Amino acid sequence: MQVEIKNLSGEVVGSAELSDAVFGAPVRRDILHRVVTWQLAKRRAGTHKVKSRGEVSGSTAKIYRQKGTGSARKGNRKAPQLRGGGMAFAKKPRDYGWKMPRKARQAALEAAIRGKLEDGEVRVIENFGITKPRTKDFKQLIGRLEIDGSFLVVPAQHQDAVWRSCRNLPGSNYLVVSDLNAYEVLRSKYLLLEDEALKVLEERFGHG
């Protein structure tokens, strides 16, 4: 599989030969679903907290006798069915995440990138070459690269000027290649990779 490499002017200056063993395998949608669900679950704060009947202030005495009142049986005023009582099955702070094998996470990232490649939504640039932050220049670059939707900028290493140039553009996202994951790849339409970042990815996938 080959992908074109372009410069800042949008001209093709070469191509990268991608390993079929890494980028040629079928997209595993089942693994993608599992990993993305796990990532979204991990992002939940889990800080919800309500009081159970054991935590509500109030008397523990029975409201009235069990029989002979003509009314339903009741315990104390902290019962869940009474106003001001505790919550039944009260929610407590918790972590919604679970353990996900490293190989599954990597397989999901591979599948996400392969899907982008198959759909023609990957752009590889020789280097960003931006030393001074300027949103207008980055917007023009996006136009030259024929990116007409949301996009994820992926440099090999953090480049402050690139981040500052793209962060105010609608639909933009920025992530260093070492932090790349399946969910971030899928949530943007286009993937804008620096050539060096693509090499890092292929080496990472090749070594498992």
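Colleague: Which loop holds Phe89, the residue with a positive phi?

Modeller: Keep in mind that this is a predicted model. Most residues other than glycine have a negative phi. Phe89 goes against that habit, with a phi near 50°. Its place is the loop between helix 2 (29-42) and helix 3 (102-118).

Colleague: Is Phe89 buried or exposed?

Modeller: Anything over 50% relative accessible area counts as exposed. Phe89 has a relative accessibility of 85%, so Phe89 is exposed.

Colleague: How are helix 2 and helix 3 oriented to each other?

Modeller: Two packed helices are described by the angle between their axes and the distance between the axes. Here the axes of helix 2 and helix 3 come within 9 Å and cross at roughly 115°. Because of that angle, helix 2 and helix 3 are roughly perpendicular.

Colleague: And what is the handedness of the crossing of helix 2 and helix 3?

Modeller: The axes of these two helices cross at roughly 115°. The crossing of helix 2 and helix 3 is left-handed.

Colleague: How many residues of the contact of helix 2 with helix 3 are nonpolar?

Modeller: On the helix 2 side, the residues are Ile31, Leu32, Arg34, Val35 and Trp38. They meet Ala104, Arg105, Ala107, Ala108, Ala111 and Ala112 of helix 3. In this contact 2 residues are charged, no residue is polar, and the nonpolar ones number 9.

Colleague: Moving on to helix 4, which of its residues are on the same side and buried?

Modeller: Look for an exposed side to begin with: Lys136 and Lys139 are exposed on the other side of helix 4. The buried residues cover an arc of only 100° around the axis, which means that they share a side of helix 4. In helix 4 (residues 135-144) these are Phe138, Leu141 and Ile142.

Colleague: What covers the buried residues of helix 4?

Modeller: The buried residues in question are Phe138, Leu141 and Ile142. Their cover includes strand 3 (122-125), strand 4 (151-154), helix 5 (160-166) and strand 6 (190-194).

Colleague: What is the phi of Glu146, just after helix 4?

Modeller: Glu146 lies in the loop between helix 4 and strand 4. With a relative accessible area of 55%, Glu146 is exposed. Although Glu146 is not a glycine, its phi is positive, at about 60°.

Colleague: Is Glu121 buried or exposed?

Modeller: Glu121 sits in the loop between helix 3 and strand 3. Setting aside residues up to four places away in sequence, Glu121 touches Lys116, Lys189, Tyr190 and Leu191. Buried means under 20% relative accessible area. Glu121 has 15% relative accessibility, so Glu121 is buried.

Colleague: How far apart are the C-alpha atoms of Val122 and Glu4?

Modeller: Val122 belongs to strand 3 and is buried, with a relative accessible area of 10%. Beyond its neighbours within four places in sequence, Val122 is in contact with Ile113, Lys116, Leu117, Leu191 and Leu193. Glu4 is 118 residues from Val122 along the chain, and their C-alpha atoms are separated by 9.3 Å.

Colleague: What separates the C-alpha atoms of Lys6 and Val124?

Modeller: Lys6 is part of strand 1 (residues 2-6) and is buried, at a relative accessible area of 14%. Apart from its neighbours within four places in sequence, Lys6 has contacts that include Glu11, Val12, Val13, Val124 and Leu145. Lys6 and Val124 are 118 residues apart along the chain, yet the separation of their C-alpha atoms is 6.3 Å.

Notes. Residues are numbered from 1 along each chain as its sequence is written. This is a predicted model: local features need pLDDT of at least 70, side-chain atom pairs count only at pLDDT 80 or more; totals for chains, interfaces and linings use all residues. Side-chain values use heavy atoms; hydrogens and water are left out. Buried means under 20% relative accessible area, exposed over 50%, partly exposed in between (1.4 Å probe, protein chains only). Helices (H or I, at least four residues) and strands (E, at least two) are DSSP runs, numbered from the N terminus. The arc is that of the directions from the helix axis to the C-beta atoms. Contact means heavy atoms within 4.5 Å. Axes are lines fitted to C-alpha atoms, for helices over the stretch in contact, and angles run from 0 to 180 degrees between N-to-C directions. Angles under 35 degrees count as roughly parallel, over 145 as roughly antiparallel, 65 to 115 as roughly perpendicular and the rest as oblique. A crossing is left-handed if the near helix is turned anticlockwise from the far one by less than a right angle, and right-handed if clockwise. Ala, Val, Leu, Ile, Met, Phe, Trp, Tyr, Cys and Pro count as nonpolar, Asp, Glu, Lys and Arg as charged, and the others, Gly among them, as polar.
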